[in-house]
Amino acid sequence: MSTFSKTIISNYKSNRLAVKLNAKGEQFVINGHPWVFSNNITKINDTAETGDLAIIFGKNKNKVVGLGLYDAASPIRIKMLHSENRSVQINAEFFHSKIETAFSKRQSLLETNTNSYRLLFGENDGFPGLIADKYATVLVVKLYSEIWLPYLESILKSLQVISGCETIVIRLSRQLETSNRHHLKNGEVVYGVLENEIVQFVEHGVNFSANVIKGHKTGYFLDHRDNRRQVGEWSNGKTVLDVFSYAGGFSVHALANNAKTVTSLDISKQALEIALQNGKLNNYTGKHYTIAGDAFAELKQLIKNGKTFDVVVIDPPSFAKQQKEIDLAKKKYAQLANLGVQLTAKNGLLVLASCSSRVLAQTFFDINTQTLLASKRKFDCIKKTEHDTDHPIGFPEGAYLKCGYYRF
């Protein structure tokens with residue numbers, strides 16, 4: 001039986017804080033929003049430290065309206081854990097119960113031929129600043145905040161028991177990597193043994209791999225799983241272009257579903273190598289081509305060369321990580337939709353996606369519709385989708401992924 005590494009023990013323990021909010025902040029808490037910003041706090045202990053348990057009192061001085069964890073390093077000063085009208089104890093049993101609830105929400109996905117899923121989706125599952133992704137028998141836990149350090153040991157034990165994983169890897173945000181309040185190292189194996197940092201897993205019957213030590217985030221992007229399955233099903237006998245392909249999620253599903261040719265386009269040569277390797281984990285007869293370069297420039301070159309494809313998928317990274325980037329992001333989405341139209345063959349399918357949470361779904365779909373109408377090509381929007389089952393939405397800002405399917 002594997003045991004947990006002793007290095008996960010943190011240097012500090014959590015204390016209790018009495019917190020008073022202004023009317024706006026209190027209303028957010030009562031409505032179940034998981035964030036309390038610093039400017040919503042009117043009264044708090046002078047000794048408050050990151051990881052302390054914040055007990056939030058309402059206007060009625062004796063009434064507790066919510067419990068959260070204090071984060072001195074973030075403008076989101078309190079990350080909420082509980083705001084229902086019943087008393088609870090924040091302890092190992094509390095977190096274990098939350099993980100069990102999250103696991104039960106993933107059951108329908110686990111009944112398919114899939115052994116990779118997001119077990120904890122941050123705030124949306126009641127764990128703000130904490131992500132847990134499972135790839136076959138390996139669980140990768142990514143920490144974005146120090147608030148979890150006092151509770152991490154019991155949470156990891158519950159995650160292991162509930163998920164049945166054989167190995168747990170810790171990934172740290174840049175801020176956590178430089179913190180001196182823990183003994184963790186980024187990519188550290190804290191439970192079990194990791195024989196190879198590249199872990200193979202299955203997604204709706206298609207084989208993939210993730211580098212759980214060096215890959216982006218936890219090693220792979222699981223949120224688009226159902227869109228990849230759908231694109232795969234519609235790629236039989238088709239020519240496919242996968243733009244911003246990263247590790248080839250859409251490309252590999254297309255190949256596995258008998259696409260004639262698949263072209264993966266990404267700025268990273270290393271990502272394209274992974275895409276090729278992921279393709280080879282499956283049996284396919286089509287051709288897999290790669291293009292390394294800036295997507296906007298390469299798409300213009302393909303148009304100049306007179307190329308078109310039966311299926312075009314454009315799934316860029318977030319263009320609006322800050323409020324001030326929203327207008328530029330909208331322009332970029334319009335540009336990509338316009339380029340996509342020109343590259344989609346007669347009777348072809350154009351798939352446009354966005355993961356910018358600050359660009360709302362309706363805004364994104366409106367941009368696509370306006371751009372496609374301006375092209376004078378007849379089209380139908382045959383499908384609009386959001387996150388897959390293992391990315392439940394618990395509050396408005398938790399919704400970021402949107403995807404539209406346009407048939408010409």
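## A helix across the sheet

Helix 6 (residues 225-233) lies across strand 17 (309-314), strand 18 (344-354), strand 19 and strand 20. The helix runs at about 15° to strand 20. These elements belong to a predicted model, and the report describes them as they appear there.

## The seven-stranded sheet

Strands of a sheet pair through backbone hydrogen bonds, in either a parallel or an antiparallel manner. The sheet considered here is open, has 7 strands and shows mixed pairing. Its strand order is 16-15-14-17-18-20-19. Strand 16 (287-292) and strand 19 (380-385) form the edges, each of them pairing on one side only. On average, neighbouring strands of this sheet are turned by 15° against each other, when direction is ignored.

At one edge, strand 19 pairs with strand 20 (residues 402-407) in the antiparallel sense, over 5 bridges. Within this pairing, Cys 381 has Tyr 406 of strand 20 as its bridge partner. Another helix is associated with the other edge: helix 8 (residues 269-280) lies across strand 15 (261-266) and strand 16. Helix 8 runs at about 170° to strand 16.

## Packing of helix 2 and helix 4

Two packed helices are described by the angle between their axes and by the distance between those axes. Helix 2 (residues 92-105) and helix 4 (residues 152-163) pack at an angle of about 35°, and their axes are 9 Å apart. Their crossing is right-handed.

On the side of helix 2, the contact is made by Ala 92, Phe 95, His 96, Ile 99, Glu 100 and Phe 103. Helix 4 contributes Ser 154, Ile 155, Ser 158, Leu 159 and Ile 162. Of the residues in this contact, 7 are nonpolar, 3 are polar and 1 is charged.

## The surroundings of Arg 106

Arg 106 lies in the loop between helix 2 and helix 3 (107-110). Is this residue buried or exposed? Arg 106 counts as buried because its relative accessible area is 0%, whereas the cut-off for a buried residue is under 20%.

The side chain of Arg 106 takes part in two kinds of link. With the side chain of Asp 125 it forms a polar contact of 2.6 Å. The side chain of Arg 106 also reaches the backbone oxygen of Asp 390, at 3.0 Å. When neighbours within four places in sequence are left aside, the residues in contact with Arg 106 are Tyr 117, Arg 118, Leu 119, Leu 120, Phe 121, Asp 125, Asp 390 and Pro 392.

Conventions:
Residues are numbered from 1 along each chain as its sequence is written. This is a predicted model: local features need pLDDT of at least 70, side-chain atom pairs count only at pLDDT 80 or more; totals for chains, interfaces and linings use all residues. Side-chain values use heavy atoms; hydrogens and water are left out. Axes are lines fitted to C-alpha atoms, for helices over the stretch in contact, and angles run from 0 to 180 degrees between N-to-C directions. Helices (H or I, at least four residues) and strands (E, at least two) are DSSP runs, numbered from the N terminus. A crossing is left-handed if the near helix is turned anticlockwise from the far one by less than a right angle, and right-handed if clockwise. Contact means heavy atoms within 4.5 Å. Ala, Val, Leu, Ile, Met, Phe, Trp, Tyr, Cys and Pro count as nonpolar, Asp, Glu, Lys and Arg as charged, and the others, Gly among them, as polar. Buried means under 20% relative accessible area, exposed over 50%, partly exposed in between (1.4 Å probe, protein chains only). A polar contact is a pair of N or O atoms within 3.5 Å; within protein, one must be able to donate a hydrogen and the other to accept it, and residues adjacent in sequence count only if both atoms are side-chain atoms. Two strands pair if DSSP finds at least two bridges between them.
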